[in-house]
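Subject: Structure for you, with notes

Hello,

Here is the structure I promised to pass on. Please open it alongside this note, and my findings follow below.

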4 protein chains.
Amino acid sequence: MAEIGIGIIGGGYMGKAHAVAMSAVGAVFNTALRPRLEMVAASSDASAARYAQAFGFARSTGDWKQLVEDPAVEAVVIASPPETHLEITRAAAAAGKPVFCEKPLGASIADAQEMVGVVEAAGLVNMIGFNYIRTPAARFARQLIADGVIGDLTWFRGEHTEDFYADPQEPATWRAHGAANGCMGDLAPHMINAALALIGPIGSVMAEIETVHESRGGVAVTNDDQGQIMCRFANGVMGHMFFSRTATGRKMGYLYEVTGTKGAIRFNQEDQNSIWLYKAEGPEAERGFRQILTGPAHPDYEPFCLGPGHGTGYQDQIIIEARDFLAAIEAGKSLWPSFRDGLDVSQVVEAARRSSAERIWTQVETRQRQGSTRS
Amino acid sequence: MAEIGIGIIGGGYMGKAHAVAMSAVGAVFNTALRPRLEMVAASSDASAARYAQAFGFARSTGDWKQLVEDPAVEAVVIASPPETHLEITRAAAAAGKPVFCEKPLGASIADAQEMVGVVEAAGLVNMIGFNYIRTPAARFARQLIADGVIGDLTWFRGEHTEDFYADPQEPATWRAHGAANGCMGDLAPHMINAALALIGPIGSVMAEIETVHESRGGVAVTNDDQGQIMCRFANGVMGHMFFSRTATGRKMGYLYEVTGTKGAIRFNQEDQNSIWLYKAEGPEAERGFRQILTGPAHPDYEPFCLGPGHGTGYQDQIIIEARDFLAAIEAGKSLWPSFRDGLDVSQVVEAARRSSAERIWTQVETRQRQGSTRS
Amino acid sequence: MAEIGIGIIGGGYMGKAHAVAMSAVGAVFNTALRPRLEMVAASSDASAARYAQAFGFARSTGDWKQLVEDPAVEAVVIASPPETHLEITRAAAAAGKPVFCEKPLGASIADAQEMVGVVEAAGLVNMIGFNYIRTPAARFARQLIADGVIGDLTWFRGEHTEDFYADPQEPATWRAHGAANGCMGDLAPHMINAALALIGPIGSVMAEIETVHESRGGVAVTNDDQGQIMCRFANGVMGHMFFSRTATGRKMGYLYEVTGTKGAIRFNQEDQNSIWLYKAEGPEAERGFRQILTGPAHPDYEPFCLGPGHGTGYQDQIIIEARDFLAAIEAGKSLWPSFRDGLDVSQVVEAARRSSAERIWTQVETRQRQGSTRS
Amino acid sequence: MAEIGIGIIGGGYMGKAHAVAMSAVGAVFNTALRPRLEMVAASSDASAARYAQAFGFARSTGDWKQLVEDPAVEAVVIASPPETHLEITRAAAAAGKPVFCEKPLGASIADAQEMVGVVEAAGLVNMIGFNYIRTPAARFARQLIADGVIGDLTWFRGEHTEDFYADPQEPATWRAHGAANGCMGDLAPHMINAALALIGPIGSVMAEIETVHESRGGVAVTNDDQGQIMCRFANGVMGHMFFSRTATGRKMGYLYEVTGTKGAIRFNQEDQNSIWLYKAEGPEAERGFRQILTGPAHPDYEPFCLGPGHGTGYQDQIIIEARDFLAAIEAGKSLWPSFRDGLDVSQVVEAARRSSAERIWTQVETRQRQGSTRS
């Protein structure tokens, strides 16, 4: 059991989540590598010091470069705004340190592509943070599909919908500007990643993206509020996805339905401990969607609780990510989802943007690659 | 209280439903006109006689022309296959008799257009049978939207999904052939009609339609299994619809979600006595979708039962249709939805077919008309 | 196909329901006997005339005795207040006419006992109106249990809860007085009947009954608002029932859960077209309660609709009752549930009242009889 | 920010849960005291060493007395079998160390009483582990009730049902013996504690407790499988509770319904991130139970996640317990629920056992005390 010094860049929403996860992951999963909260970086020395105190880091810095270069920091978690991802990745590569990056991969498709190039050229262990796909329910869904339990796939529908920007009176904060902060940059990647993981590579898309509230408090909104994609997967399956930050009433509407010739699966992250399965077998009179509560019989559940139906939560998803990141570091080999998997997602977003602008069906680039490291 | 002689053409699924509805509607709604089951027509004298005996008609015939021309038949219900709709309508017009026609309006867009022309030229009271929009829940949803309870609309999603053809081993019956019998002809009209009623006219569509199981028992399937439509309503709202007869696990997946700036509505016909409403008001901690059980406080419920939550069913929708058809006859004026409303639906289906074939966004014709008789 | 003249006493809630049912049942079930709405009786000539006009009866009377004695009335439906049930039954017996009586059987246990004696002495076809047990879901639940699908029974929980009297500001109408109008007289019989039908005779009860709002508008309430029963069925199963008319938020909370060694069943009348089944079989990871939508595969559904998940409603339950009453008349033999079955229910209510008053476990009388005509 | 050395006795189900919680609680809640995993005790040196390695304790011991007496252990968590609780408590008192004890408080009511005496005499900070009442939803439910949102309470129904012993083929392990390991000892305390927290002290109970499967694999089962309690709270509210370990299909059926004159609350731990609220206000047509997803607007949620509907899980409940235990230590004053609160629960269990044996309504002792430290 060896310790590993962790440096986290960013102490907000995701920075804290990763700090908690790194504190708990060893006890939960009995990991070979045990994280030590070595340093946290933030936009100022003072805020970094506050984060260090709150989360239990040994040290802090207002300059992320110091964190990356610090010899006691042996792995870097990027939880800072998208526009910083590329430069931090370059520095991590220069320092030869494993890197975990929150989604979206970069602030732009060009950034994302370069980030993949950088980590692959440097042979760096790398991972991207799509946490919702980490639940026991999600892994079980993937397993059911892979095992053919629902037969040949015929339809996929996914959503990532929230309502934090549904009220037109909400002001134009940083959320209102920058492609990476819009709905397609911020929410869509999660569900696109789920689609790739559940169904496989996407061949082409037909999208429509729009800004529902074009002005907030007199300030023009310069990114998108919602978008939809009709898609055709490489395996021929037809699908649809919808993303929105103005979906009044939806709090964590990360949901999908997968239909096959022998059954179907439904999932909604708002009840992340249930997965609904229909099997077209047995007497017609006894057929119906069953609500399966996750439990020790499902992947990655038992380390959190021995009792079925007792439930895992948001924070546990991040702990599972931490487990995989540590395992990848120990093995010296990236695990799914890597930066390249994140780029696959970005390529779909990019194709959707082009499709919406040109109003035509659009091929997704590099689709041969999509999902290639699916576990 | 005057009697009216009813003639029903067709004694199958919908023919029986209308016969039961005509038997019950007077007692339920205390209608001014009281139906008398005068005659039923079927494909043979023998089957028609069986239907007459079973459903309680006074007389029967194997020739629908006799029914239309019979002086004791004062109103005609068309519940025969789509390819017969036009000719029967012509005969009813010639006889000057009110006509109720099951959806889809005709076997083709041309038939549908001609049917509208015929009834309008003849000044005939006419109605088309979109029954699912008749539930107390559906009428309440329309009222909530019209009253602005959920604010300005921002998104619509609808589905009509069933699984009667999900099993690839199901044989190629009449269902496998003829545009009117495919998913876009048979299921899509219901949900498109709901979209027009709830949101308003559709301006343009981008569709993809496909045959999932191209061969059944060695026989080529010549119509479609599922289809999806991205649409833009005339009022600017973005929407999506999905239709499928191969949606494993779905039995009556006629469902929709309407999102507005102040709230949202969800409905699923599989639980037709509930409507889910979210209102973005009151303390954040107390907000959530509420499950409203239909009751006497909702439109058209009380005549069926004085107790809330006691529930109406499929047959009751047909009784409500019968009430409106009788009221239209009495008033001498068509009520929503008329043949022209049915044509509006057919125009959307037609535009979707063209869009799917040409793979481009396609304008819906005559959209000025859509929904114009919305009640 | 022979006609039968129906006389209905009472034109309110249940009187109308039976009038509609008698109008529709022939067409729905192709019954051998076809009802003719011959006469309706109400508390005055005028109100009876109004009911006759509204519901389509040929004649009306302000004196129910005339109705019972009228030669064209061949079967009597009692939908008048409980205190009239006994006397009407006596008159029907004197006239030798089949009788259908709404629950509760009589205004008191003594009345109920005498009613059974009267109809049995007269050899009259008789039936009591427990409509909620008539749904396709309820009959399917009984079948699952009888077939051993959920194994040996270990637990039963039932509720009949509504909220029409939850608001303390509701005035003291007829509902506030008379044992038969209280919660134990009005609501409890439905669920007790379900318990007997699903599980079998009840041996003993331990009950607590109370008046939640003892005064309404300054008037003392003289009957009960809610009650609970712990019970032991004759077959050894432990159970519990709760009844309330002050259950804020419950509209039609007629719900039950039956647990067995191999599975479990859940049902809630507020979604009467679903039944939830859990089977302790197959991989642990795939187990869960499944929501089965009623359809043609379930008892008595297909006559109402050929499509699964399309749903039956409250009125359809009354139509199913009418079907059985007509069949009993034709066969000359009472079908479940007869007056005696209604008395079994009354005996449980009576035992519960005694138990609550004396605060001790109390044997149910004549339990040998309970459920003996279970179909 | 001061460190505190934690010693945990027991490394199984709950021992691990507390180890993880103590690892994470500082980062989650920014606690003043920061736990250091100092020592774990188990039944042997070897197993304790394995736990220490897995969970990250500095040291381990096969003798819990060493742990209690170790100077670096500053607080003791008891997660060992119930029969050890009393002796460990005595030792902790002798050493003057704060103690957290898993439920049930002791192996018997006598043990529980003595444990309270010991900690109170020693002035020890003490806490008992009722974790399910710690969810954001549970605290919100208590707040809604306290704030009068649902008016005057009229009914309470609670369940704690699981199915781990539903299969009669399950062998007679330790679970089959010992009152503390039976359903009333193991499951009932959680829901009784919830009842006391939500409604208040219980005055009297009428219970029935039984062993469903009296023999397992030829071995007699000597404790109970399920039990039910009718109860009367001190404030006059009527209630019912059911507990079972043979409730086929239930995985974490810790659920309750609280009815009041102005509203009602429903909760089911199987979906711990939802709470259902009905308010009898606004238009009748818009009333219904609303599903509120927990979020930052609810107690104790935000430290786990900034996004509503993202969900907390089982492990997070234990982290919240740890937060309160640390706060109590820092303040030098026990917080709810203390050992005395645990004794209140045990008194209800004891009264239920007597009631079931004697088949009479039974007073709960010391009810004046119940819930007195309710937060």
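Start with Lys251(A). Beyond its neighbours within four places in sequence, Lys251(A) is in contact with residues of chains A, B and D. From chain A come Thr161(A), Glu162(A), Asp163(A) and Glu270(A). From chain B come Tyr278(B) and Glu284(B). Chain D adds Leu293(D), Pro308(D), Gly309(D) and His310(D). Bear in mind that this is a predicted model.

Where does Lys251(A) lie in chain A? Look in the loop between β12 (238–244) and β13 (253–260). Lys251(A) has a relative accessibility of 7%, so the residue counts as buried; the cut-off is under 20%. Two side-chain polar contacts are worth a look. One joins Lys251(A) to Asp163(A) at 2.8 Å. Another joins Lys251(A) to Tyr278(B), also at 2.8 Å.

Next, the aromatic rings. The count over all chains comes to 50 aromatic pairs. Take Tyr13(B) and Tyr314(B): their ring centres are 6.3 Å apart and their planes stand at 65°, so this pair is edge-to-face. The label applies to planes over 60 degrees apart. Tyr13(B) belongs to helix α1 (residues 13–29) of chain B, and Tyr314(B) to helix α9 (residues 314–331). The pair thus links distant parts of the chain, 301 residues apart. Are these two buried or partly exposed? Tyr13(B) is partly exposed, at 31% relative accessibility. Tyr314(B) is buried, at 2%.

Chain C offers a tilted pair, Tyr278(C) with Phe289(C). The centres are 5.3 Å apart, with 45° between the planes. Tyr278(C) sits in strand β15 (residues 274–279) and Phe289(C) in strand β16 (residues 289–293), so the pair ties together parts 11 residues apart in sequence. Both residues are buried. Phe289(C) also has a charge over its ring: the charged end of Arg266(C) sits 3.7 Å from the ring centre.

A similar arrangement is found in chain B. There the charged end of Arg175(B) sits over the ring of Phe164(B), 4.3 Å from its centre.

In chain A, look for one aromatic cluster. Its members are Tyr13(A), Tyr132(A), Tyr254(A), Tyr256(A), Phe267(A) and Tyr314(A).

Now the chains against each other. How is chain C superposed on chain A? A rotation of 180° does it, with 0.0 Å of shift along the axis and an RMSD of 0.0 Å. The two copies are thus related as by a two-fold rotation axis. Arg290(C) comes closest to that axis of the residues of chain C, with its C-alpha at 1.7 Å.

The contact between chain C and chain A takes 17 residues from each chain. About 1,300 Å² is buried there, and carbon and sulfur atoms give 50% of that area. On the chain C side, Ala285(C), Glu286(C) and Arg290(C) lose the most area to chain A. Together they make up 46% of what that side buries. The interface residues of chain C are 100% also interface residues in chain A, so the copies meet through the same surface.

Chain D goes onto chain C in a matching way. The rotation is 180°, the shift along the axis 0.0 Å and the RMSD 0.0 Å. Here Ile360(D) comes closest to the axis of the residues of chain D, at 3.2 Å (C-alpha). Again the same surface serves both copies, since 100% of the contact residues of chain D recur in chain C.

Best wishes

Terms used:
Residues are numbered from 1 along each chain as its sequence is written. Chains are lettered from A and ligands numbered from 1 in the order in which they are written. This is a predicted model: local features need pLDDT of at least 70, side-chain atom pairs count only at pLDDT 80 or more; totals for chains, interfaces and linings use all residues. Side-chain values use heavy atoms; hydrogens and water are left out. Rings of Phe, Tyr and Trp (its six-membered ring) pair if their centres lie within 6.5 Å; planes under 30 degrees apart count as stacked, over 60 as edge-to-face and the rest as tilted. Helices (H or I, at least four residues) and strands (E, at least two) are DSSP runs, numbered from the N terminus. Buried means under 20% relative accessible area, exposed over 50%, partly exposed in between (1.4 Å probe, protein chains only). A charge sits over a ring if NZ of Lys or CZ of Arg is within 6 Å of the ring centre and within 35 degrees of the ring normal. A polar contact is a pair of N or O atoms within 3.5 Å; within protein, one must be able to donate a hydrogen and the other to accept it, and residues adjacent in sequence count only if both atoms are side-chain atoms. Contact means heavy atoms within 4.5 Å. Copies are superposed by least squares on the C-alpha atoms of residues with pLDDT of at least 70 in both. Buried area is the accessible area (1.4 Å probe) that two parts lose on being put together, summed over both.
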